[in-house]
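I set down here what I looked up in the structure, entry by entry.

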Amino acid sequence: MFSSFMITFREGLEAFLIVGIILAYLVQTRRTELNKYVYGATGLAIVGSLAAAVVFNLLSIQFEGRNEELFEGIVMLLAAVILTSMIIWMARESNNISTTIQEQVEGKKAYGLFGLAFLSVFREGIETVLFLGAAAMNTETNAVLYGGIAGLSVSVVVAYLVFKFSSHTSMDNFFKITSIFLILFAAGLAAHGVHELQEAGVVPIVVEHVWDINHIIDEKGTFGSVMKSLFGYNGNPSLIEVLTYAGYYIAVGIGLRMPGRREKVAITA
């Protein structure tokens, strides 16, 4: 539940901040007559994301046996890649989100603005569907659903507070803190995705169990199950899983060291 809460909280906050920045910029430039296009695009993007969630669920229940393992493995790895790229981009550009979006809005007419708002929110929605789908493979569906709804609800409140008290808000620190958890979550997705592909016979096992600490923390026990759903914990991982987990952190470390834009611009409302 906590993992789904963090996913929808983070993704929802990004989407609401993007919409808020666009609307704030339209107010500043006295183009509020275009607000209706932003609202319409946001609503359509939400409906499209819900439709994608339904399609994803229908697809996931169609697979059994080896095909199910292949599907779950691919979805987990894809979710880890997209989630990680988002984390790295946000870490590099968190201080410049407002400037970037304002540059995109500048000069756009009604339908161009509609497209910008729609694609921005729909992208976050599709990412959320993918991440929640991957999370649901490790935990109960109801827990994922409740956590997701709670996270989305809180993100609305936080986004409002960010714009209301923008002069006192450090988005850079916020995204750094949430990124730590999401990196741990994505690492677990990557390792567990490899595990599923090994079960399907696509990825070689090489060494089946590098260690076995299930007698200390049983992955099927209460605490172990929580760790598995949050961070992909495996009490007896294979060599390839361990290498994937370690390699993931190395790759993220390299990505985070890549320079981003240096200027800092505060979000204004």
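**Annotated regions**

I began with residues 143–162, where the chain is 100% helix and 0% strand, with end C-alpha atoms 28 Å apart. The model I am reading is predicted. I took the range from the UniProt record, an unreviewed entry, which lists residues 143–162 under "transmembrane region". The record gives the same label to residues 6–26, 38–61, 73–91, 111–137, 174–194 and 238–256.

I then looked up residues 6–26. This stretch is also 100% helix and 0% strand, and its end C-alpha atoms lie 30 Å apart.

**Ala 117**

I placed Ala 117 in helix H5, which covers residues 110–136. Is Ala 117 buried or exposed? Its relative accessible area is 1%, so I entered Ala 117 as buried, the cut-off being under 20%.

Which residues does Ala 117 touch, leaving aside those up to four places away in sequence? I noted Ile 22, Val 38 and Ala 41. I also checked the distance from Ala 117 to Thr 42: the two are 75 residues apart in sequence, while their C-alpha atoms are 6.4 Å apart in space.

**Ser 49**

I found Ser 49 in helix H2, residues 35–60. Ser 49 has a relative accessibility of 10% and therefore counts as buried. Setting aside residues up to four places away in sequence, I recorded contacts of Ser 49 with Phe 122, Gly 125, Ile 126 and Val 129.

Note on methods. Residues are numbered from 1 along each chain as its sequence is written. This is a predicted model: local features need pLDDT of at least 70, side-chain atom pairs count only at pLDDT 80 or more; totals for chains, interfaces and linings use all residues. Side-chain values use heavy atoms; hydrogens and water are left out. Helices (H or I, at least four residues) and strands (E, at least two) are DSSP runs, numbered from the N terminus. Buried means under 20% relative accessible area, exposed over 50%, partly exposed in between (1.4 Å probe, protein chains only). Contact means heavy atoms within 4.5 Å. UniProt positions are given in the numbering used here, feature names are shortened, and annotations may be inferred rather than shown by experiment.
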